[in-house]
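Work through the exercises below with the sequence and coordinates open. Each task is followed by a solution in steps.

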Amino acid sequence: MGIAPSRLSLRELIGGRWRRIEDFLLDIAIAVGTWFGALVVIAVVALAMGMDHSGSIDDARRQIGFLAPQSGLEVFLWICLSATAGFCEEVLFRGYLQKQFSRLLRNRWIALLVVSILFGLGHGYEGTQRMLLIALLGLAFGIMSMLRKSLRPAIMAHTLQDTISGLLLKVLR
């Protein structure tokens, strides 16, 4: 309902098609670079919040360890789930909600902050501190989407984040 009046297709919402292989490679580079930069910022914020003690890893295991894949099949399914989550969450948050809040608030930067907070809140099952870190990650995804005028790098970075998080949970479990 929200994008129908603008006659925007899902393909256009995502950013259209890649015209050249270089565009695809650029999106990969932007996704990995932004993701890595966001992880550095998140690590600094986590340290500032005192999440560097060994109990933090135990807290993470307790709160979200049940999600960790165990078998080879579960790892494969985790990667599929990560790709689905990356696509669906980016279309919902950075595609649909960010555009809607931009129109409603008439300021794309305030809309970006609102949607990033909503993104963090949507991950409440991970605990308050991790919700803040996830909101920062959402902020990075949103900035990337706005500047690139495409959801593709954010979808890639989100998929990468979720995939690696699950694999790390498996290793730490």
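**Exercise 1. Fold and confidence**

What pattern does the chain follow, read along the sequence? State also how far the predicted model is trusted by its predictor.

Solution. Step 1: along the sequence, the chain reads α-α-α-α-α-α-α. Step 2: the count of elements is seven helices and zero strands. Step 3: this is a predicted model, and its average pLDDT is 88. A score of at least 70 is reached by 88% of the residues. Step 4: among the elements, the lowest mean pLDDT, 64, belongs to helix H3 (residues 54-64), and the highest, 96, to helix H5 (residues 108-121).

**Exercise 2. Burial, contacts and surface**

Determine what percentage of the residues count as buried, and what share of the contacts links residues 24 or more positions apart.

Solution. Step 1: the chain has 173 residues, and 38% of them count as buried. Step 2: take the contacts with a sequence separation of 6 or more; 74% of these join residues 24 or more positions apart. Step 3: the exposed area of the chain is about 10100 Å², of which carbon and sulfur atoms supply 68%.

**Exercise 3. A nonpolar patch**

Which residues form a nonpolar patch on the surface together with Ile28? Classify Ile28 as well.

Solution. Step 1: Ile28 is located in helix H2, which covers residues 21-48. Step 2: the relative accessibility of Ile28 is 32%, so this residue counts as partly exposed. Patch members need over 30% relative accessible area, and the 32% of Ile28 is given above. Step 3: the other members of the patch are Ile21, Leu25 and Val32. Together with Ile28 they have about 340 Å² of accessible area.

**Exercise 4. Cysteines**

How many disulfides does a search of the whole structure find? Classify Cys80 and Cys88 by accessibility.

Solution. Step 1: a disulfide requires two cysteine sulfur atoms within 2.5 Å, and the search returns zero. Step 2: Cys80 has 35% relative accessibility and therefore counts as partly exposed. Step 3: Cys88, with a relative accessible area of 44%, is also partly exposed.

**Exercise 5. The surroundings of Gln98**

Is Gln98 buried or exposed, and which residues is Gln98 in contact with, leaving aside neighbours within four places in sequence?

Solution. Step 1: Gln98 belongs to helix H4 (residues 72-105). Step 2: buried means under 20% relative accessible area; Gln98 has 5% relative accessibility, so Gln98 counts as buried. Step 3: with those neighbours left aside, Gln98 contacts Phe93, Ala111, Leu112, Val115, Gly142 and Met146.

Terms used:
Residues are numbered from 1 along each chain as its sequence is written. This is a predicted model: local features need pLDDT of at least 70, side-chain atom pairs count only at pLDDT 80 or more; totals for chains, interfaces and linings use all residues. Side-chain values use heavy atoms; hydrogens and water are left out. Helices (H or I, at least four residues) and strands (E, at least two) are DSSP runs, numbered from the N terminus. Buried means under 20% relative accessible area, exposed over 50%, partly exposed in between (1.4 Å probe, protein chains only). Contact means heavy atoms within 4.5 Å. Accessible areas come from the Shrake-Rupley method with a 1.4 Å probe; for residues, only the protein chains shown count as cover. pLDDT is the predictor's confidence in each residue, from 0 to 100. Patches are made of residues with over 30% relative accessible area and no salt bridge: like charges are joined within 9 Å, nonpolar side chains (Val, Leu, Ile, Met, Phe, Trp, Tyr) within 5 Å. A salt bridge is a side-chain nitrogen of Lys or Arg within 4 Å of a carboxyl oxygen of Asp or Glu.
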